[in-house]
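Visitor: I'd like a close look at one part of this model, with its surroundings. Could you walk me through what you find there?

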Amino acid sequence: MDETGFWEIVDDARERADGDPVEQAELVVERLLSLDPETVLDFARHFEVRYNRAYRWDLWGAAWMLLDGAGDDAFDNFRCWLIGRGRQVFEGALRDPDDLADLLDDFDEESGGDAEDLGYAADQAYENLTGTETPELGVPPQPGEPHGSPIDFEDEELLAQRFPRLWARFRA
């Protein structure tokens with residue numbers, strides 16, 4: 001599976017789920033079950049690489065803004081959700097997390113930003129297909145600390161300066 005195929009599965013499931021992250025994860029699993037196990041592992045590798053790329057302080061700051069706070073688990077789930085929003089939103093957020101203010105048509109603080117199930121979709125499909133757990137993917141592990149410079153999430157003045165559009169849309 002190439003990158004385009006990965007994003008097609010993510011996008012198709014999101015559109016069919018009407019943005020519901022739990023339903024999106026179920027639809028991804030359903031789609032992956034129609035593929036061979038090695039292709040499911042390819043999907044898992046694509047997901048894991050993107051998940052690790054999003055382990056950045058500036059994206060954590062954006063998650064903090066959108067979710068009105070985000071601990072470790074919330075940020076992990078946010079990264080899954082960000083991938084689930086599709087290539088345009090994901091890549092746009094990597095270019096500049098403050099662009100999420102413009103990239104997100106709507107955002108529900110209660111259900112948005114949490115797509116933990118999507119992070120396990122490939123594992124679930126692989127296990128259903130083979131009866132075994134997903135093997136090591138051969139993807140470099142997530143670093144011990146997020147990439148970039150740490151951000152003091154409690155400093156609202158700093159957050160407003162660093163993320164002016166997110167601040168105006170979600171905090172002002």
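**A buried glutamate and the helices**

Guide: Let's start with Glu91, which is buried, with a relative accessible area of 18%. That counts as buried because the cut-off is under 20%. Keep in mind that we're looking at a predicted model. Glu91 sits in helix α6. If you set aside its neighbours within four places in sequence, Glu91 is in contact with Glu3 and Arg53.

From α6, it's a natural step to helix α4, as α6 (87–95) is among the elements that the buried residues of α4 pack against. The others in that list are α5, α7 (100–103), α10 (156–162) and α11 (164–170). So how much of α4 is covered? Mostly covered is the short version: 11 of its 11 residues are buried. If you want to click through them, they are Trp57, Asp58, Leu59, Trp60, Gly61, Ala62, Ala63, Trp64, Met65, Leu66 and Leu67. Just after α4 comes Asp68, and there the backbone takes a positive phi of about 55°.

Now for the partner, α5. Helix α4 covers residues 57–67 and helix α5 covers residues 72–84; they pack at an angle of about 95°, with their axes 10 Å apart. That makes α4 and α5 roughly perpendicular to each other. On the α4 side, the residues that meet α5 are Leu59, Trp60, Ala63, Leu66 and Leu67. Facing them from α5 you'll find Asp72, Ala74, Phe75, Phe78 and Leu82. Sorted by class, this contact of α4 with α5 has nine nonpolar, no polar and one charged residues.

Another helix pair worth a look is α1 with α2. Glu3, which we met as a contact of Glu91, falls within helix α1 (residues 3–16). The axes of α1 and helix α2 (residues 21–32) come within 8 Å and cross at roughly 130°. α1 and α2 are therefore oblique to each other, and α1 passes α2 in a right-handed crossing. The α1 side of the contact is made by Ile9, Val10, Ala13, Arg14 and Arg16. From α2 come Glu23, Gln24, Leu27, Val28, Glu30, Arg31 and Leu32. By class, the contact of α1 with α2 has six nonpolar, one polar and five charged residues.

Definitions and conventions:
Residues numbered from 1 in each chain as written. Predicted model: local features only at pLDDT ≥ 70, side-chain atom pairs only at ≥ 80, totals over all residues. Heavy atoms only, no water. Axes fitted to C-alpha atoms, helices over the stretch in contact; angles between N-to-C directions. Helix = DSSP H or I, 4+ residues; strand = E, 2+ residues; numbered from the N terminus. Parallel < 35°, antiparallel > 145°, perpendicular 65-115°, else oblique. Contact = heavy atoms within 4.5 Å. Nonpolar A, V, L, I, M, F, W, Y, C, P; charged D, E, K, R; others polar. Buried < 20%, exposed > 50% of the residue type's maximum accessible area, 1.4 Å probe, protein only. Left-handed = near helix turned anticlockwise from the far one by under 90°.
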